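Reader: Hello! I am new to this structure and would love a close look at a single part of it. Could you pick a small spot, show me what is there, and then lead me outwards from it?

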Amino acid sequence: MTRNEILNGLQSLRAKEVSRIESNPHKPFKVGLVYPNTYFVGMSNLGLQIIYEEINARPTSCGERYFLPPNSELRDYEKHRLPLMSVETQRPLYECDVIGFDITFEMDYFNIPTLLKLGRVPVKRIHRIERDPIVIAGGPCATFNPEPVSDFIDAFIIGEGEELVSHVLSVIEQGRNEQWLRSDILLALSKITGVYVPALYEPQFDDSGRFAGYHLAEGISGTAENVAVTVTENTKNTNSTVSTGCVVPKVTRHWKSLDTVGETVIATDFTEFGAMYIVEVARGCGRHCRFCMAGYCYRTPRVRRLDLLKAGVDRAAALNKKVGLMGAAISDYPDIDELVTYIRSKGLRYSCASLRADSLTQAVVDGLAASGQQTITIAPEAGSDRLRRVINKGISNEDMAKAVKLAAKAGIPHIRLYIMVGLPTETEEDVMAIVSMAEDVYAYMQEAGCKGRLTLSVNPFIPKPFTPFQWMPMAHQKDVTKKLNTIKKALSKNRRIEVLVESPKEAYIQGVLARGDRRLGDIILAAVEAGGPKQFKKACNEYAYDMDEALYRERELTEPLPWDMLDMQLAEGYLAAEWQRSLTEVYTPPCQEGCKRCGVCVG
Ligand code: SF4
Ligand code: SF4
């Protein structure tokens with residue numbers, strides 16, 4: 001591609017967008033919002049859009065978006081010596097005062113150094129000098145364990161970014177205007193509840209190389225005590241506060257009520273969910289599945305008011321877009337039938353991010369069928385009732401039979417099941433139960449008149465921080481491969497049942513990244529310089545980072561963990577107690593009004 005073709009490509013993406021808000025390039029404070037993947041992937045991320053709106057709503061800041069150029073273009077950027085440029089004005093990344101990454105997937109960690117390098121910003125935070133942009137990051141990965149990428153990021157937003165991001169930008173802007181030292185700006189940021197500044201937390205390792213906790217710094221520079229923080233943002237409806245004093249041993253995550261609009265800000269056809277106008281219905285989930293990081297890190301479950309959602313549907317109608325209902329378990333939304341009826345009354349189609357087999361209604365399924373949906377996806381996660389009790393899934397074969405009947409009645413032909421292998425305590429019987437469950441569901445389909453295909457989407461289980469399984473080893477790759485082959489072979493007789501397995505190798509890289517510590521920064525960088533994630537294992541060997549130990553060692557309940565400096569507001573011992581309950585297969589009921597069980601709703 002020529003230089004002009006690259007510039008025209010960005011301008012043409014912008015020209016084809018329909019935006020609800022304006023990004024005014026003349027505002028003085030420049031914020032580069034970076035999604036560490038392509039435009040096509042990133043523009044379907046609602047979190048990015050919500051933060052973009054908030055940045056541009058600030059009177060002094062101009063938010064512009066940056067994405068990873070497609071692989072085919074990366075070499076052309078180098079050839080023409082072009083820096084990473086924004087979609088809005090083609091401003092180079094290095095001109096921004098602040099750069100904010102939205103990190104949603106572990107595999108995107110490898111794109112962070114690439115983007116910074118292309119943007120001509122020093123990749124490692126320790127190499128940045130006074131006038132370099134301050135690099136912040138948020139998103140689910142930043143929330144559950146920021147350590148693997150903390151060499152690249154100056155400050156992380158832990159939890160939900162809305163409202164907190166304005167607060168963070170105000171402090172940085174004040175620091176820039178008053179010419180504070182960079183270190184003082186970072187120290188001031190560390191005083192905000194919900195902000196983690198890695199320079200203030202020095203990881204320690206014991207003689208065997210195991211993570212042993214953090215040393216807390218007193219300040220980043222000798223001038224730390226001179227920092228004065230003035231906060232002028234309105235922090236109504238938020239638990240964000242500014243405090244003075246020493247570095248806190250634990251950073252409490254930020255979260256907020258869903259009392260404002262949360263939906264697509266910039267509509268474009270050139271993205272994964274391009275046909276859709278995304279409306280966030282709910283956040284957090286109260287079902288307590290024990291493997292689910294989002295279930296623990298985004299409590300308590302909250303829903304948007306129906307009138308806010310209907311107004312969003314009206315905006316989707318004005319653009320003639322399909323409505324994408326976003327949330328942890330959409331079918332749990334109390335007014336779901338009224339909402340889908342309203343969408344249909346506008347002549348619109350819709351789809352749902354996730355459905356629970358035990359809360360599906362005929363109105364929802366009929367609407368999906370009328371929207372052209374050909375498949376209902378159910379996530380039993382495990383085959384046996386025993387293992388579903390261990391993970392607290394609470395879905396029975398009867399629930400699945402009911403979901404299949406609803407699908408058949410609505411004329412939806414195909415069913416997809418999400419399954420994990422390698423869950424804690426899994427036995428060979430549990431693996432064979434996946435096969436018999438698939439056969440049962442296929443039989444329900446025959447009985448109900450679902451004439452299509454049954455697809456099993458099977459993935460290795462990855463233990464995640466802030467879940468009761470955070471201490472558990474990942475099942476060995478060889479065993480998981482064997483189990484996957486057993487399932488495939490056993491179901492191969494029926495050509496209407498297909499088994500899809502997504503890259504197990506990648507799952508094991510994710511497994512290391514999810515629970516890794518700060519040493520991974522150099523390893524990620526080395527892998528990127530050697531060609532990308534496929535070089536990760538080699539880079540681990542070069543740096544003597546024991547992947548097997550990281551993946552397969554069961555952690556002691558009392559041992560320090562790299563994410564211990566974060567506080568999800570769960571009561572002391574809650575996760576360990578849930579681990580014990582999983583071993584004894586004790587059911588933990590969903591969140592309910594007045595409950596204070598896990599500690600999040602206390603106070
Ligand atoms: S239903 Fe379970 S898996 Fe789904 S979001 Fe809720 S807790 Fe997570
Ligand atoms: S305190 Fe109870 S209702 Fe609140 S998040 Fe925890 S379990 Fe759910």
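Author: Happy to. Let us start at Thr-300, which sits in the loop between α9 (293-297) and β14 (302-303). Please keep in mind throughout that this is a predicted model.

What joins Arg-299 and Thr-300? The link is a cis peptide bond, with omega at about 0 degrees. Both of these residues also belong to the surroundings of ligand 2, together with His-288, Cys-591, Gln-592, Cys-595, Lys-596, Arg-597, Cys-598, Val-600 and Cys-601. By class, the shell around ligand 2 has 5 nonpolar, 3 polar and 3 charged residues.

Ligand 1 has a shell of its own. Around ligand 1 you will find Cys-285, Arg-287, Cys-289, Phe-291, Cys-292, Ala-328, Arg-356 and Lys-393. This shell divides into 5 nonpolar and 3 charged residues, with no polar ones.

From here, two residues with a special backbone angle are worth a visit. Asn-392 lies in the loop between α13 (385-390) and α14 (397-410). Its phi is positive, near 60 degrees, in a residue other than glycine. Is Asn-392 buried or exposed? Asn-392 counts as buried because its relative accessible area is 2%. Thr-425, in the loop between β18 (414-421) and α15, also has a positive phi without being a glycine, in this case about 75 degrees. With a relative accessible area of 32%, Thr-425 is partly exposed.

The loop of Thr-425 leads to α15, and on the way from α15 to β19 there is another loop, the one that holds Cys-450. Cys-450 is buried, at 2% relative accessible area. Setting aside residues up to four places away in sequence, Cys-450 touches Val-404, Ala-407, Ala-408, Ile-412, Pro-413 and Met-445. Its C-alpha atom is 18 Å from that of Ser-436, a residue 14 places away along the chain.

Now for the interior. The largest nonpolar core has 191 residues, and those that touch the most other members are Phe-101, Leu-189, Leu-325 and Leu-456. Helix α15 (residues 428-448) gives the largest share of this core, 9 residues. Leu-325 shows what such a place is like: beyond its neighbours within four places in sequence, it is in contact with Val-279, Val-281, Ile-330, Ile-336, Leu-339, Val-340, Ile-343, Tyr-350, Ser-351, Cys-352 and Ala-353.

Helix α17 (residues 504-514) is another part to look at. Why can α17 be called largely enclosed by the rest of the structure? The reason is that 8 of its 11 residues are buried. These are Ala-507, Tyr-508, Ile-509, Gln-510, Gly-511, Val-512, Leu-513 and Ala-514. Their cover includes α6 (140-144), β19 (454-460), α16 (477-491), α18, α19 (536-542) and α20 (547-552).

Pro-203, in strand β8 (residues 201-205), is a good example of how the chain brings distant stretches together. Pro-203 and Pro-562 are 359 residues apart in sequence, yet their C-alpha atoms are 8.0 Å apart in space. Pro-203 counts as buried because its relative accessibility is 11%. Leaving out neighbours within four places in sequence, its contacts are Glu-147, Phe-211, Gly-213, Tyr-214 and Arg-518.

Let us finish with the empty spaces. Rolling a probe the size of a water molecule over the atoms shows where such space is left. How many cavities of 30 Å³ or more does the structure hold? There is 1, and the largest cavity has a volume of about 60 Å³. Its lining consists of Met-43, Ser-44, Gln-49, Thr-264, Ile-266, Ala-267, Thr-268, Thr-271, Phe-273, Gly-274, Met-276 and Ile-278. Strands β11 (266-267) and β12 (276-280) each supply at least two of these lining residues. By class there are 6 nonpolar, 6 polar and no charged residues.

The second largest pocket has a volume of about 860 Å³. Of its 28 lining residues, Leu-68, Asn-71, Leu-74, Thr-114 and Val-528 lie nearest the centre. The elements that contribute two or more residues to this lining are α4 (71-79), α5 (111-118) and α18 (520-530). The lining divides into 13 nonpolar, 7 polar and 8 charged residues.

Key: Residues are numbered from 1 along each chain as its sequence is written. Chains are lettered from A and ligands numbered from 1 in the order in which they are written. This is a predicted model: local features need pLDDT of at least 70, side-chain atom pairs count only at pLDDT 80 or more; totals for chains, interfaces and linings use all residues. Side-chain values use heavy atoms; hydrogens and water are left out. A residue is near a molecule or strand if one of its heavy atoms lies within 4 Å of it. Ala, Val, Leu, Ile, Met, Phe, Trp, Tyr, Cys and Pro count as nonpolar, Asp, Glu, Lys and Arg as charged, and the others, Gly among them, as polar. On a 1 Å grid over the protein atoms alone, a cavity is a set of points where a 1.4 Å probe fits but cannot get out, and a pocket is an open set with protein on both sides within 12 Å along at least five of seven lines; lining residues have an atom within 4 Å of a point. Grid points are joined across faces, edges and corners, and a volume is the space filled by probe spheres set on the points. Helices (H or I, at least four residues) and strands (E, at least two) are DSSP runs, numbered from the N terminus. A nonpolar core is a set of buried Ala, Val, Leu, Ile, Met, Phe, Trp, Tyr and Cys residues joined through side-chain atoms within 4.5 Å. Buried means under 20% relative accessible area, exposed over 50%, partly exposed in between (1.4 Å probe, protein chains only). Contact means heavy atoms within 4.5 Å.
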